[in-house]
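Student: I would like to understand the reasoning behind the labels people put on a model like this one. Could we go through them together?

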Amino acid sequence: MEAWRGGERARYWQYAELPGVDLLHARYIEKAFSRHTHESFVYAAITEGVEAFHYRNDLVHAGPGQIALVNPDTPHTGYAGVPEGWTYRTIYPDAELVRSIAADVLDVRGPVGFTQPVVDDPYAAQLVIGVHRAAEEGNALAADSLLRLVTARMLRSHGGRLRTRAPRGAGAGAAARARAVLEERMAEPPTLERLAADLGTSPFALLRAFRAEYGMPPHTWLTDARVRRARRLLDAGTPPAEAALAVGFTDQPHLNRHFTRSVGVPPGAYQRARDQVRKNVQDGPSAAP
């Protein structure tokens with residue numbers, strides 16, 4: 001399904017024959033993605049303009065012929081790096097699919113990921129574009145083949161097995177417990193002062209520890225977590241207004257604003273795309289949605 005705003009255009013969708021993969025084809029000019037994470041990987045092939053984004057603590061840019069690569073659970077933003085904005089085709093393969101490709105092609109098992117947020121590889125960018133075009137044409141064999149080819153290429157040249165994480169800071173335990181509380185009390189979270197007191201620390205100490213551990217302060221992390229949980233509810237068919245209240249947003253417009261700033265399209269357009277995939281599966285094999 002497509003969502004329009006001014007001169008911007010976005011289509012966020014799935015191809016039923018490519019399970020575990022989301023697709024986004026968009027042109028953004030004024031769009032600004034808030035700091036957020038994905039449960040999946042991100043391969044974004046820029047076709048026009050320039051995208052700028054903060055990746056962890058760095059500001060990077062990606063232009064035509066380049067691919068932005070983001071690992072799961074990695075905080076990042078996204079906005080236009082030039083006045084005319086940017087156009088890209090993005091693939092969001094789930095982590096298990098990428099791990100299975102790594103094990104099959106590279107004989108690498110366990111956690112895998114990419115070491116650079118932007119790679120200059122026009123051929124790989126064309127493979128990403130090819131996945132989109134094959135899906136649009138209903139060519140399942142080509143879409144699956146090209147996805148595996150680009151994943152293997154990127155892992156060989158710019159990734160592989162992830163190194164064991166360095167020992168965490170002294171406040172990591174408090175940060176982890178705070179995260180667990182926020183996940184459990186997502187709809188009615190405590191204040192920072194109350195959360196810190198319950199964990200036996202100070203508000204600023206908890207704020208620093210949480211940011212160091214998860215790349216964003218607790219309130220930003222909570223908004224991101226709410227959007228991610230809302231996506232799962234939308235996937236299950238929950239109406240957007242009900243999903244908004246279930247995860248702690250005040251109403252559907254509140255969900256719309258944050259969902260669009262993280263996912264790129266409003267929750268209604270996102271859910272309609274899911275519904276279309278389910279309908280196609282029920283009706284039998286067909287061309288692109």
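Student: What makes the radius of gyration of the chain agree with that of a compact globule?

Tutor: Happy to start there, keeping in mind that this is a predicted model. A compact globule of 289 residues would have a radius of gyration near 19 Å, and the chain has 19 Å, so the value agrees with the rule. Along the principal axes, the C-alpha atoms fill a box of roughly 55 × 40 × 40 Å. Buried residues come to 48% of the chain.

Student: What is the secondary structure of the chain?

Tutor: The chain has ten helices and 13 strands. Taking contacts between residues at least 6 apart in sequence, 70% join residues at least 24 apart.

Student: Why is the pairing of Arg231 and Asp22 called a salt bridge?

Tutor: The cut-off is 4 Å between a side-chain nitrogen of Lys or Arg and a carboxyl oxygen of Asp or Glu. For Arg231 and Asp22 the N to O distance is 3.1 Å, so the pair meets the definition. The two residues come from distant parts of the chain: Arg231 is in helix 7 (residues 218–235) and Asp22 is in strand 3 (residues 21–28), 209 residues apart. Both Arg231 and Asp22 are buried.

Student: How do you know that Arg274 forms a salt bridge with Asp22?

Tutor: By the same 4 Å test: the closest N and O atoms of Arg274 and Asp22 are 2.8 Å apart. Arg274 lies in helix 10 (residues 267–283) and Asp22 in strand 3, so this pair ties together parts that are 252 residues apart in sequence. Arg274 is buried, as is Asp22. A network of salt bridges links Asp22, Arg231, Asp235 and Arg274, and the structure holds twelve salt bridges.

Student: Why is Arg89 called buried, and what is Glu136 called?

Tutor: Buried means under 20% relative accessible area, and exposed means over 50%. Arg89 has 10% relative accessibility, so it counts as buried. Glu136 has 29%, so it is partly exposed. The side chains of these two, Glu136 and Arg89, meet in a salt bridge (2.9 Å, N to O). Glu136 is in helix 2 (residues 122–136) and Arg89 in strand 10 (residues 86–93), so the pair ties together parts 47 residues apart in sequence.

Student: How do you know that strand 6 and strand 9 pair?

Tutor: Pairing needs at least two bridges between the strands. Three bridges join strand 6 (residues 51–55) to strand 9 (residues 76–80), and these strands run antiparallel, so they count as a pair. Tyr55 stands opposite His76 in strand 9.

Student: What makes strand 4 and strand 7 edge strands?

Tutor: The open sheet has four strands in the order 4-9-6-7, with antiparallel pairing. Strand 4 (32–36) and strand 7 (58–62) each pair on one side only. On average, neighbouring strands of this sheet are turned by 20 degrees against each other, direction ignored.

Student: Which residues have the most contacts inside the largest nonpolar core?

Tutor: Those are Leu24, Tyr28, Tyr88 and Trp221, in a core of 49 residues. Helix 7 gives the most to this core, with six residues. Leaving aside neighbours within four places in sequence, Tyr28 is in contact with several residues, including Phe33, Trp86, Tyr88 and Gly264. A second, separate core has 33 residues, among them Phe41, Val112, Leu127 and Val150.

Key. Residues numbered from 1 in each chain as written. Predicted model: local features only at pLDDT ≥ 70, side-chain atom pairs only at ≥ 80, totals over all residues. Heavy atoms only, no water. Buried < 20%, exposed > 50% of the residue type's maximum accessible area, 1.4 Å probe, protein only. Axes fitted to C-alpha atoms, helices over the stretch in contact; angles between N-to-C directions. Core = buried A, V, L, I, M, F, W, Y, C linked by side-chain atoms within 4.5 Å. Contact = heavy atoms within 4.5 Å. Rg over C-alpha atoms; globule rule 2.2 N^0.38 Å.
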